[in-house]
Amino acid sequence: MNACPFCRIVAGEAPAEVLYRDDRVVAFQDSNPQAPVHFLVVPLEHIPSLAEVGDEHEEIVGHAVSVATTVARRQGIVERGFRLVVNCRRHGGQTIPHLHLHVLGGRQMTWPPG
Ligand code: 5GP
Ligand code: ZN
């Protein structure tokens with residue numbers, strides 16, 4: 001069995017509430033939402049974190065950002081605005097070592113983040 005939880009979701013070996021899927025990314029609801037709308041956009045390819053992203057990933061990362069906005073629009077959070085977050089490694093607070101974009105909305109966000 002795949003050790004990576006998000007690879008398992010990508011492979012259909014673990015359940016998720018999928019909002020969008022194409023040949024490069026999948027978007028699904030975060031299982032522990034931090035806002036009224038909180039979903040993740042995950043490349044199908046296992047890239048551990050932003051620290052491993054290079055020129056060869058420009059297309060997939062750009063596509064993931066575009067899908068984040070598309071799904072955010074469907075979720076009705078674009079007009080008021082939303083937050084896109086990518087946690088990277090230990091200081092970034094990353095807990096799942098498979099690159100993912102958090103999209104959070106439906107409430108007022110604060111700054112600075114914790
Ligand atoms: P990180 O802390 O790595 O930036 O974010 C990981 C996110 O994935 C967390 O918000 C957490 O709630 C979510 N998460 C962890 N495991 C699962 C899972 O198995 N399914 C889903 N849908 N979300 C998960
Ligand atoms: Zn993975």
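Pro112 is found in the segment after E5, and the peptide bond leading into Pro112 from Trp111 is cis, with omega near 5°. That's one of a few things to look at in this predicted model. Another is ligand 1, which sits in the largest pocket. There's also a second largest pocket, with about 190 Å³ of space.

**Backbone oddities**

- Start with the bond from Trp111 to Pro112: omega is near 5°, so this peptide bond is cis, whereas most peptide bonds are trans.
- Then check Arg89, found in helix H3, which covers residues 89–92.
- Phi of Arg89 is near 55°, so you've got a positive value in a residue other than glycine.
- Most residues other than glycine have a negative phi.

**Ligand 1 and its contacts**

- Which residues come nearest to ligand 1? Of the 15 residues around the ligand, those are Gln29, Asp30, Asn87, Thr95 and His102.
- Asn87 puts a polar side-chain atom 2.8 Å from an oxygen atom of ligand 1.
- Ile96 takes part through its backbone: an N or O atom there lies 2.9 Å from an oxygen atom of the ligand.
- Ser31 goes for a nitrogen atom of ligand 1 instead, with a polar side-chain atom 3.1 Å away.
- How much of ligand 1 does the protein bury? Taken alone the ligand exposes 520 Å², and the protein buries 79% of that.
- Two elements give two or more residues each to the shell around ligand 1: helix H1 (5–10) and strand E2 (25–29).
- By class, that shell holds nine polar residues, five nonpolar ones and one charged.

**The largest pocket**

- This is where ligand 1 sits, and the pocket holds about 570 Å³ of space.
- Its lining runs to 23 residues, with Gln34, Val85, Asn87, His102 and Leu104 nearest the centre.
- Strands E3 (37–43), E4 (82–85) and E5 (101–105) are the elements that give two or more residues to this lining.
- Which element gives the most to the lining of the largest pocket? That's E4, with three residues.
- The lining is made up of 11 polar, nine nonpolar and three charged residues.
- Asn87 and His102 turn up twice here: they're among the residues that come nearest to ligand 1, and they're also among those nearest the pocket centre.

**The second largest pocket**

- About 190 Å³ of space lies in this one.
- On one stretch of sequence, its lining includes Gly76, Ile77, Arg80, Gly81, Phe82 and Arg83.
- Further along, Leu104, Gly105, Gly106, Arg107, Gln108 and Met109 also line the second largest pocket.
- E4 and E5 are the elements that give two or more residues to this lining.
- Both E4 and E5 also give two or more residues to the lining of the largest pocket.
- Leu104 lines the second largest pocket and is one of the residues nearest the centre of the largest pocket.
- The class split for this lining is five polar, four nonpolar and three charged residues.

Notes: Residues numbered from 1 in each chain as written. Chains lettered and ligands numbered in written order. Predicted model: local features only at pLDDT ≥ 70, side-chain atom pairs only at ≥ 80, totals over all residues. Heavy atoms only, no water. Near = heavy atom within 4 Å. Polar contact = N/O pair within 3.5 Å; in protein donor to acceptor, adjacent residues only side chain to side chain. Areas by Shrake-Rupley, 256 points an atom, 1.4 Å probe, with all protein chains shown as cover. 1 Å grid on protein atoms, 1.4 Å probe; cavity = no way out; pocket = protein on both sides within 12 Å on 5 of 7 lines; lining within 4 Å. Sits in = over half its atoms within 2 Å of the grid points. Helix = DSSP H or I, 4+ residues; strand = E, 2+ residues; numbered from the N terminus. Nonpolar A, V, L, I, M, F, W, Y, C, P; charged D, E, K, R; others polar. Points joined across faces, edges and corners; volume = space filled by probe spheres on them.
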